[in-house]
Amino acid sequence: MKLLDIIHDANLNLLRNKLRSFLTILAIFIGSFSIISTSAIQAGVNNFIDSQVESYGGDGYLAIVSKDSFDALEGLQGTIGSNSKEPIEYNPDKIQDGMTPITKEKIEELKKIDGIDADSIVEQKTLSISYVASKKTDKKYLIGAEALPPGNVKVDTVTGEGLNLKADEYQILLESKYVDALGYTNENIINEKIQLVVVDQFKKTEKKFDAKVVGVIAPGVVSMGYSYTNNKLADDIYDENIKYYPPEYKDMTVAVAANYDSEKYSAQEIKDKLDDIGLSAMTIDDIIGTIKTFFDVILTVFKIFGLIALLAAAIGIINTLFMSVQERTREIGLDKALGMSSMRVFFNFSIEAISLGFWGSVFGITVSMLLGNLANNIFHAEGGFLESFPTFNLATYTIKDIIAVTALIMFISFLAGTLPARRAASKNPIDALRYE
Amino acid sequence: MTKALISTHGLRKTYGKRNNKFDALRGITIDINKGETVAIVGKSGSGKSTLMHLLALLDKPTKGEITLDSQPTAKLKARRLNAIRNKEFGFVFQSFFMNSNDTVLNNVILPLKIAGVSSRERRRRAIAALKTVELDDKRNNKANNLSGGQKQRVCIARAIVNDPKVIFADEPTGNLDSATGEKIISLLFRLNREKGITLIIVTHDLELANKCERQINIKDGHIVSDSTTDTELSDNVDDDTDNWEDEEADTQKFAGDNNIDGMLDHQPHITHIDIDKEEEE
């Protein structure tokens, strides 16, 4: 009851000088708008990245190359990359002039490592497919495809059931841009067969693979426009690609994907174990982490701007309330003469400060949500830059963020209000009543 | 003999420090009984307002003691003092002190709101208080739109809304013309008669002062005369005050004079009485 009285009176007092209160709230609005907007974008980006991580097979994913290949990459960047200031000296102990393949023996060793799921090991085969075609059109299109990484629980698909990795038929998860081009819709392409063709560049003959479409992939950053095949299709296309290789090379691979037990072992423990047998691994965090860090840095900068705006707004609150205390000196005197405690006077002004903060953050969040949803719609509409990412909402507002931002701003407002509130509370009723 | 409602003993109040030291009150001993009507008179700077502030527990004396209902007040916590002012005292001020943008009703409600009374109950009591001052038809008007006399009646309604034992009135007629002042005065005395509320009025207004049962005249921080204790004082101080009745007659004669201050100043027979002499030693 009493608290409701105080809140009610505080808001009435704010209405007494509408313009001044409005301007103060406007300043808070700017701060809260920038903070909630950056939080929303951060949440949107993180959601998107997380859904992409899923398409890699979750937390346990490892991309494995030989240790020498890492050195080679380093050598390559140091020699021809834009950071190459000085030539790198030749080191006979390192193979730095090309990727070193992983042998069958190495893969057997890998299978025996504790924590690695032996069944999940897949040789990463980047397939050379010349073109894709369908019955519905005469046009032929270039296409990139690879075997689905291991542990693929869920690829971000628009329609379809997804791959059966062990199936004995040819199956493909098709990247969405091909659906229209091949003369289908997302719905009627499922279970239809499309033709993947590998052209023998020496003999000018064509080898055709009829693959059943079992799903359409939602576009994303991580899939990079790749379509995914099941193991049988990947193996057979790969065999066609390497038929001119010497036999001893046919058994080798440059990269291997595998899953590890991410609950039992940390990424570093697994990396150390692989290091012992001459292999280097990248986890999902190593791959995605860079993108995430990049966004986080930018958004943190924006958040800091928002906080600076809030700080300025806090000074506005202090100023507004000091003026208010000055104007209402006699009123405070009367209140205290009639038995209002100093604590209650302090609360009255604190609640006024908190109310300013509350309204500022409510307006900031409301406007941000309206604009954010508008932006989401515009970006997803035809021609918008997110048109090809239907699962990506740029601005995502979570209850947690909204409550956190409101609470933060109310707290800052409270802190700002303590200075004028203390001055009001410490007024002597007699002096205050005499004040002209 | 009835116990005094408020009594003070050797009350002193000093403002400032060292060279700027100023003694507003230099030893005041009085007893105010329940139901009494007391006028505190004196010219400005005499200390009469300071005395009222101390009696109303708005300020603490530098020295001396105030007891309320036989209870010493010096050691009371701020919380208790606030509660006493809120529940047992009512205040009427010369310049009203109203929230001019708020309604009459909300102005009257203020003490009850501070006390934390529920909104239905405080509305009921505020309307009852406004009825007493015959302003309940104006309860939804803005306080700003009232005449001076109506404003002062609203203030009186605010002062009685908590059923106080004492009303402290600081120049209640100071901002009013004489006809309106008259009405305010009769309202205050009616409250005294009907509800037994003790009135303590600080005033320049001789007419008002003379309507009170008792006049306490303050000069330079001393009581120079007290109409009820005169006889006691005369025993050990002086003899001149025996004819207070005559003095009062004189005062009445001067009442028509506009220069009330000057008149109070020139009361040759009583100004030399220094009732606090013993306490000063």
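Leaving aside its neighbours within four places in sequence, which residues is B:Glu36 in contact with? In this predicted model, the partners are B:Asp31, B:Asn192, B:Thr198, B:Leu199, B:Glu213, B:Arg214 and B:Thr228. B:Glu36 itself sits in the loop of chain B that runs between strand E3 (31-33) and strand E4 (37-41). With a relative accessibility of 8%, B:Glu36 counts as buried, because the cut-off for that class is under 20%. Its side chain also reaches back to the backbone nitrogen of B:Asn33, at 2.6 Å.

The wider setting of this residue is a chain with 11 helices and 11 strands. Chain B has 281 residues, of which 52% count as buried. Among its contacts between residues at least 6 apart in sequence, 72% join residues at least 24 apart. The chain exposes about 13,300 Å², and carbon and sulfur atoms supply 44% of that area.

One of the strands of chain B deserves a friendly second look. Strand E11 (residues 222-226) has 5 of its 5 residues buried, so this strand is largely enclosed by the rest of the structure. Its pairing partner is strand E10 (residues 214-219), which runs antiparallel to E11(B) over 4 bridges. Within this arrangement, B:Lys219 stands opposite B:His222 of E11(B). The two strands form a hairpin with 2 residues between them, and B:Asp220 in the turn has a positive phi of about 50°.

Attention now turns to charged pairs. Side chains of opposite charge can pair when their charged atoms come close. Over all chains, the structure holds 23 salt bridges. One of them joins the side chains of A:Arg20 and A:Glu327, with an N to O distance of 2.9 Å. A:Arg20 belongs to helix H2 (residues 18-56) of chain A and A:Glu327 to helix H9 of chain A, so the pair ties together parts that are 307 residues apart in sequence. How do the two ends sit with respect to the surface, buried or exposed? A:Arg20 is buried, at a relative accessible area of 15%, whereas A:Glu327 counts as exposed at 53%.

A salt bridge within one helix is also found in chain A, between the side chains of A:Lys111 and A:Glu108 (3.7 Å, N to O). These residues are 3 apart in helix H4 (residues 104-112), which means that about one helical turn separates them. A:Lys111 is partly exposed, with a relative accessible area of 36%, and A:Glu108 is likewise partly exposed, at 40%.

A further salt bridge links A:Lys135 with A:Glu192, whose closest N and O atoms are 3.7 Å apart. This pair links distant parts of the chain, 57 residues apart: A:Lys135 is in the loop between strand E4 (131-134) and strand E5 (137-141) of chain A, and A:Glu192 is in the loop between helix H5 (177-181) and strand E9 (193-200). A:Lys135 is exposed, with a relative accessible area of 68%, while A:Glu192 is partly exposed at 25%. Elsewhere, A:Arg16, A:Arg328, A:Glu331 and A:Glu352 are joined into one network by salt bridges that share partners.

Chain A also carries a nonpolar surface patch of about 840 Å². Its members are A:Phe294, A:Phe295, A:Val297, A:Ile298, A:Val301, A:Phe302, A:Ile304, A:Phe305 and A:Ile308. Of these, A:Ile304 lies in helix H9 (residues 284-327), and its relative accessibility of 44% makes it partly exposed.

How values were computed
Residues numbered from 1 in each chain as written. Chains lettered and ligands numbered in written order. Predicted model: local features only at pLDDT ≥ 70, side-chain atom pairs only at ≥ 80, totals over all residues. Heavy atoms only, no water. Patch = residues over 30% accessible without salt bridge, like charges linked within 9 Å, V, L, I, M, F, W, Y side chains within 5 Å. Areas by Shrake-Rupley, 256 points an atom, 1.4 Å probe, with all protein chains shown as cover. Salt bridge = Lys/Arg side-chain N within 4 Å of Asp/Glu carboxyl O. Buried < 20%, exposed > 50% of the residue type's maximum accessible area, 1.4 Å probe, protein only. Polar contact = N/O pair within 3.5 Å; in protein donor to acceptor, adjacent residues only side chain to side chain. Contact = heavy atoms within 4.5 Å. Pairing = 2+ DSSP bridges.
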